[in-house]
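Hi everyone, thanks for coming. Please pull the structure up on your screens, and I'll walk you through a few parts of it.

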Amino acid sequence: MNYLRHAAFLLFAASVALISCSGDDNQGSNTQKENYIAFTEGGKSNYVIVGPSALNNNLKLFSQAIKEATGAELGVATATTSNAKALEIIVGNTAARSEVAETLRGIKSGYGILVLGKKLIIAGTDETWTVLAMEAFAKNCLKNEDNCHDGILELPSDYWDSDTDDDPQFIARFIKENRAFTILPTLVGTVPQSGVYKVAQGASSDGTYAYFVMKGNEDSSYNSQCVVYKYSLSPFNKVSVSAEFNGHHANDMAFDTKNNRALVVNGSGASGTLTAIDAETMAVSTITTSLGIGGLTYNAKQNVYGVTQGGTKYQIVDEDFTLKKNYGRNDGQVDNYTAQGMGSDDSFVYFPMSPKSSAKTTDNILCTYDWDGNYVTDIHIPLNIESESMFYADGKYYVNFYNAGARLYKITPVITFKY
């Protein structure tokens, strides 16, 4: 493995040659190597593992892995209780330790592993990336005799390792790896009810902005009257709003990146009609198809759309909305959940389904198929409010919910450290 020299050590590098983790004449001895930092010696250590409380279980598993590799038992503490001047192995993205910001400098989506002074920092941009960083460290260091031998865990004083991916598609990755995960929903922001526009329906994103369709109350004369709000994703702020249009039920939305437009699925009342919203001008236009559409998602790599309706249809259509494949759905979840819209990444199509009180379900699910029409799995989201739309954008997964307006949640797959 090649180690890249971290920017913080450029001055040090001018006077000290780069030392890799291999090729040292003292390999296998009980003597600490020159210009290396020892985190355990003789099966003992004065270091403590420090991280956020949300990672507590993974930190304990990581400590067990170090004990298995070296014999040393390292305590686990939170960054708020541990003395910042202590000998620490800092794990996780915690603002309580300034060293984390140094480790993640320049990394938008990924992880960094850095020896900084006498400390070791293992941190990802989120919890998922942090666990992957811990596993990379275990593989490349704890299981590497150049670094871990005879009760010693030691690393070069300029050790630096990283991995980045702005388009990780983690849910798809873990499904394909057959790796267990749970979902952590985090509220990103809300689109409040405004005037007659009180009911949240579809949502979509171009990666920078999110688009939300809001319509009138079901029992009002404005039932079919809709507007689309444009919000920046980070920070979550309102940017603009479209003119009012008749969007009927406005079941779902998809974003067509080729033509830079958000597409509103009119659904019930006009299932063959889509309302297009120009992403730049927010101008409104109409697309008429021969299809019955209740949910829509766009695959930019294949330049095709996925179509659903009523929880029983799954079709693939081209950019002109001409039917190419008709798969149908066989997951059987309509008995327990209410079918909503759909979303996708490059590998899978996700059908959000909300809890049905008659079936006493208390969570939402993403009923998951591949792009070849095969049912794969159900992903459970621990929220009991009504989901509407799902989309993947800028390396993250999102689900839009209706609860006194629109509530956009980021859904993060949470994995457990494996040694």
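I'll begin with the overall picture, then take a helix, a sheet, a hairpin, a pocket and a few backbone details.

A quick word on the ground rules: this is a predicted model, so local features need pLDDT of at least 70 and side-chain atom pairs count only at pLDDT 80 or more, while totals for chains, interfaces and linings use all residues. Residues are numbered from 1 along each chain as its sequence is written, and side-chain values use heavy atoms, with hydrogens and water left out.

The chain has 5 helices and 31 strands; these are DSSP runs numbered from the N terminus, helices being H or I with at least four residues and strands being E with at least two. Along its principal axes, the C-alpha trace spans about 80 × 40 × 40 Å. Of the 419 residues, 55% count as buried. Buried means under 20% relative accessible area, exposed means over 50%, and partly exposed is in between, using a 1.4 Å probe and protein chains only.

Now find helix α2, residues 56–70. Its 15 residues should span 21 Å at 1.5 Å a residue, and the end C-alpha atoms are indeed 21 Å apart. The expected span here is 1.5 Å times one less than the number of residues. Which residues of α2 are buried? They are Asn58, Leu59, Phe62, Ser63, Ala65, Ile66 and Thr70. Seen down the axis, these buried residues fall within an arc of 155°, so they line one face of the helix; the arc is that of the directions from the helix axis to the C-beta atoms. On the other side of α2, Gln64 and Glu68 are exposed. Just after the helix, Gly71 takes a positive phi of about 90°.

Next, the sheet. Four strands form an open, antiparallel sheet in the order β16-β17-β18-β19, where two strands pair if DSSP finds at least two bridges between them. β16 (252–256) and β19 (284–288) stand at the edges with a single partner strand each, so one side of each has no neighbour in the sheet. Within the sheet, 5 bridges join β18 (residues 273–278) to β19, and Thr275 has Thr286 in β19 as its bridge partner.

Further along is a hairpin: 3 bridges join β22 (residues 313–317) to β23 (residues 323–326), running antiparallel. Val317 has Leu323 as its bridge partner in β23. There are 5 residues between the strands, and Phe321 takes a positive phi near 65° in this hairpin.

What about backbone details elsewhere? Asn178, in the loop between α5 (170–176) and β10 (182–191), has a positive phi of about 55° although it is not a glycine. Asn178 is exposed, with a relative accessible area of 72%. Lys360 also is not a glycine, yet has a positive phi of about 60°; its loop lies between β26 (348–355) and β27 (364–370), and at 73% relative accessibility Lys360 counts as exposed. Finally, where is Pro235? Pro235 sits in the loop between β13 (225–232) and β14 (237–241), and the peptide bond from Ser234 to Pro235 is cis, with omega near -5°.

That's my tour, and I'm happy to take questions.
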